[in-house]
Amino acid sequence: MAEFIRIYEENPNPKEINKVVKILKKGGLIIYPTDTVYGLGCDITNIKALEKVARIKEVKLEKANFSFICHDLSNLSDYVKQIDTSVFKILKRALPGPYTFILPGSKSLPNPFKKKKTVGIRVPKNNIALEIVKQLGNPIISTSIRDEDEVLEYTTDPELILEKWDNLVDLVIDGGYGDNEASTVIDLSEDEPVVVREGKGSLEIF
């Protein structure tokens, strides 16, 4: 059964964040709030945890399009090839925010993703998510938790999320009601930005 803890976004309790980080370091899976929908995440360095997430999503790990949730842009070069100034300016303008940017992957990507030409980078404007990755010391891999309901694409109530995911994950964070609109996905891996999915993030930043 999953642990269920309440963390307040305005001022995340360091003890609670620490508890989350310990679970991640042990290979646990968490469901956590972002500035868009709730996400399913694990430590990017833990292969077994990555494989669990891929199994839940019914995809092959090597082919999975998971996002890398980062604290800021300082360690971007660990996962992304050198990018030009104009691309970096877009990232600086938009992040933290409700965007996923597809960027060319670097040679130093974690093993399961070595063959990937691109990676999705997210820096959500949510203190809970940011504190988790800051304390962890590296990104978490993340994927949105969709709902099978035809009307509701995403579950927004943490207690309903717990009911559904109780036996699949180790921890569900109640960070308040989530949004039901996913991030805007922009591909910056080629010469011109391409909108892959229009979501919560405004396109006016371009």
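Visitor: Hi! Let's start with K19: what does its relative accessibility make it count as?
Guide: K19 counts as partly exposed, because its relative accessibility is 33%. The cut-offs are under 20% for buried and over 50% for exposed. Keep in mind that this is a predicted model.

Visitor: Which residue does K19 form a salt bridge with?
Guide: K19 pairs with E3, and their closest N and O atoms are 3.4 Å apart. The pair links helix α1 (residues 14-25), where K19 lies, to strand β1 (residues 3-6), home of E3, so parts 16 residues apart in sequence are tied together. E3 is also partly exposed, at 33% relative accessibility.

Visitor: How many salt bridges does the count come to?
Guide: There are five salt bridges. Another one joins the side chains of R6 and D174, at 3.8 Å from N to O. R6 is in strand β1 and D174 in strand β8 (residues 171-174), so this pair ties together parts that are 168 residues apart in sequence.

Visitor: And D174, buried or exposed?
Guide: D174 is buried, with a relative accessible area of 13%. Its partner R6 counts as partly exposed, at 36%.

Visitor: What about D35, which side chain does it meet in a salt bridge?
Guide: D35 meets R122, with 3.0 Å between N and O. D35 sits in the loop between β2 (30-32) and β3, while R122 belongs to strand β6, so the bridge ties together parts 87 residues apart in sequence. Both ends are buried: D35 has 9% relative accessibility, and R122 has 4%.

Visitor: Which residues do salt bridges with shared partners join into one network?
Guide: That network is made of E3, E16 and K19.

Visitor: Switching topic: how many residues are in the largest nonpolar core?
Guide: It has 44 residues, and I31, F68 and F101 have the most contacts inside it. Several elements give two or more residues to this core: β3 (39-43), α2 (47-57), α3 (85-94), β5 (99-104), β6 (118-122) and α5 (158-165). As general background, nonpolar side chains in soluble globular proteins tend to be buried together.

Visitor: What does F68 touch, leaving out residues up to four places away in sequence?
Guide: Its contacts include I44, Y79, L109, F113, V119 and I121. R122 is also among the residues F68 touches, and that is the R122 that bridges to D35.

Visitor: How many residues does the second, separate core have?
Guide: That one has 18 residues, among them V21, I23, I30 and I132.

Visitor: Now pockets. How much space lies in the largest one?
Guide: About 620 Å³. It is lined by 30 residues, with N65, F66, S67, V185 and R197 the closest to its centre. β6 gives the largest share of the lining, four residues. By class, the lining has 13 nonpolar, 12 polar and five charged residues.

Visitor: Which elements supply at least two residues of that lining?
Guide: They are β4 (67-69), β5, β6, β7 (140-144) and β10 (194-197). Two of these, β5 and β6, also appear among the elements that give two or more residues to the largest core.

Visitor: And what volume does the second largest pocket have?
Guide: About 180 Å³. Of its 14 lining residues, D84, V87, L188, E190 and D191 lie nearest the centre. Its largest share of lining, three residues, comes from α3.

Visitor: How do the residues of that lining divide?
Guide: There are six nonpolar, three polar and five charged residues.

Methods. Residues are numbered from 1 along each chain as its sequence is written. This is a predicted model: local features need pLDDT of at least 70, side-chain atom pairs count only at pLDDT 80 or more; totals for chains, interfaces and linings use all residues. Side-chain values use heavy atoms; hydrogens and water are left out. A nonpolar core is a set of buried Ala, Val, Leu, Ile, Met, Phe, Trp, Tyr and Cys residues joined through side-chain atoms within 4.5 Å. Buried means under 20% relative accessible area, exposed over 50%, partly exposed in between (1.4 Å probe, protein chains only). Contact means heavy atoms within 4.5 Å. On a 1 Å grid over the protein atoms alone, a cavity is a set of points where a 1.4 Å probe fits but cannot get out, and a pocket is an open set with protein on both sides within 12 Å along at least five of seven lines; lining residues have an atom within 4 Å of a point. Grid points are joined across faces, edges and corners, and a volume is the space filled by probe spheres set on the points. Ala, Val, Leu, Ile, Met, Phe, Trp, Tyr, Cys and Pro count as nonpolar, Asp, Glu, Lys and Arg as charged, and the others, Gly among them, as polar. A salt bridge is a side-chain nitrogen of Lys or Arg within 4 Å of a carboxyl oxygen of Asp or Glu.
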